[in-house]
Amino acid sequence: MSGEAWVGVAVAGVTAAYALCSRRLASSPVSSAMVFVGCGILLGPVALDIVDGGSPR
């Protein structure tokens, strides 16, 4: 798979995981923005380097 395909899989996976856990997170101090920013940092070039934040081609 190409890099762009992995980005799509990563975004879909994070969205699906959040949808499954959102009811439990509603009663916690963790907001949806915190979850998505944390996943972005985790999937970005700082940690796993799945999503490239470089300039468009």
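**View 1. The one aromatic pair in this predicted model.** Start with the rings: the structure holds a single aromatic pair. Y18 and F36 make it up, with their ring centres 5.1 Å apart and 50 degrees between the planes, so the pair counts as tilted, falling between the 30 and 60 degree limits. Along the chain the partners sit 18 residues apart, and the pair links distant parts: Y18 belongs to helix α1 (residues 3-26), F36 to helix α2 (residues 32-43).

**View 2. How covered are the two ring residues, Y18 and F36?** Take Y18 to begin with: its relative accessible area is 22%, which makes it partly exposed, because buried would mean under 20%. F36 has 37% relative accessibility and is partly exposed too.

**View 3. Cysteines C21 and C39, and no disulfides.** Look for disulfides here and you'll come away with zero. C21 is partly exposed, at 36% relative accessible area. C39 comes in at 23%, and that also puts it in the partly exposed class. For a disulfide, two cysteine sulfur atoms would have to lie within 2.5 Å, and the structure has zero such pairs.

**View 4. The helices and the surface of the protein.** Pull back a bit and the secondary structure is quick to list: two helices and zero strands. Helix α1 runs over residues 3-26, and helix α2 over residues 32-43. What share of the 57 residues is buried? Just 9% of them. The protein exposes about 4500 Å², and 67% of that comes from carbon and sulfur atoms.

Key. Residues are numbered from 1 along each chain as its sequence is written. This is a predicted model: local features need pLDDT of at least 70, side-chain atom pairs count only at pLDDT 80 or more; totals for chains, interfaces and linings use all residues. Side-chain values use heavy atoms; hydrogens and water are left out. Buried means under 20% relative accessible area, exposed over 50%, partly exposed in between (1.4 Å probe, protein chains only). Rings of Phe, Tyr and Trp (its six-membered ring) pair if their centres lie within 6.5 Å; planes under 30 degrees apart count as stacked, over 60 as edge-to-face and the rest as tilted. Helices (H or I, at least four residues) and strands (E, at least two) are DSSP runs, numbered from the N terminus. Accessible areas come from the Shrake-Rupley method with a 1.4 Å probe; for residues, only the protein chains shown count as cover.
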